[in-house]
Amino acid sequence: MKINLRKTQLAARYALWLALFFFISVPALVFDAIAAVARRIADRLCDVADFAVVRGRKLREQLQ
């Protein structure tokens, strides 16, 4: 059975590009997911800080 070297090289080249795409895109997706979680945590912390500021103003007004 004769193997066509050109097709084998082409398949190896495609496999290499696919592996390169995989190793670049997967960490990017993981980083994006981590960034999304961090963004949600930061939003929650901002909401808590806003609540604390409003609550502090109300308590200060009550004490005056």
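**A tour of a single-helix model**

Buried residues account for 2% of the 64 residues in the protein chain. The model is a predicted one.

Start with the whole chain selected and coloured by secondary structure. The protein chain shows 1 helix and 0 strands. That helix, α1, covers residues 5–63.

Next, display the C-alpha atoms alone and turn the view along the principal axes. The C-alpha atoms occupy a box of roughly 95 × 15 × 10 Å. The radius of gyration of the protein chain is 28 Å, whereas a compact globule of 64 residues would have one near 11 Å.

Switch to a surface representation, coloured by element. The accessible surface of the protein chain is about 6600 Å², and carbon and sulfur atoms contribute 69% of that area.

Keep the surface and select Phe22, Phe23, Val26, Val30 and Ile34. Together these residues make a nonpolar surface patch of about 500 Å². Now narrow the selection to isoleucine 34, which lies in helix α1. Isoleucine 34 counts as exposed because its relative accessibility is 54%, and the cut-off for exposed is over 50%.

Move on to aspartate 43, also placed in helix α1. Aspartate 43 has a relative accessible area of 46%, so this residue is classed as partly exposed. Add alanine 28 and draw a C-alpha to C-alpha distance: aspartate 43 and alanine 28 are 22 Å apart in space and 15 residues apart in sequence.

Finish with the charged side chains. The protein chain carries 11 positive and 5 negative charges, and the mean positions of these two sets lie 19 Å apart.

Definitions and conventions. Residues are numbered from 1 along each chain as its sequence is written. This is a predicted model: local features need pLDDT of at least 70, side-chain atom pairs count only at pLDDT 80 or more; totals for chains, interfaces and linings use all residues. Side-chain values use heavy atoms; hydrogens and water are left out. Patches are made of residues with over 30% relative accessible area and no salt bridge: like charges are joined within 9 Å, nonpolar side chains (Val, Leu, Ile, Met, Phe, Trp, Tyr) within 5 Å. Accessible areas come from the Shrake-Rupley method with a 1.4 Å probe; for residues, only the protein chains shown count as cover. A salt bridge is a side-chain nitrogen of Lys or Arg within 4 Å of a carboxyl oxygen of Asp or Glu. Helices (H or I, at least four residues) and strands (E, at least two) are DSSP runs, numbered from the N terminus. Buried means under 20% relative accessible area, exposed over 50%, partly exposed in between (1.4 Å probe, protein chains only). The radius of gyration is taken over C-alpha atoms; the globule rule is 2.2 Å times the number of residues to the power 0.38. Lys and Arg count as positive and Asp and Glu as negative; His and the chain ends are not counted. The place of a charge is taken as NZ of Lys, CZ of Arg, CG of Asp or CD of Glu.
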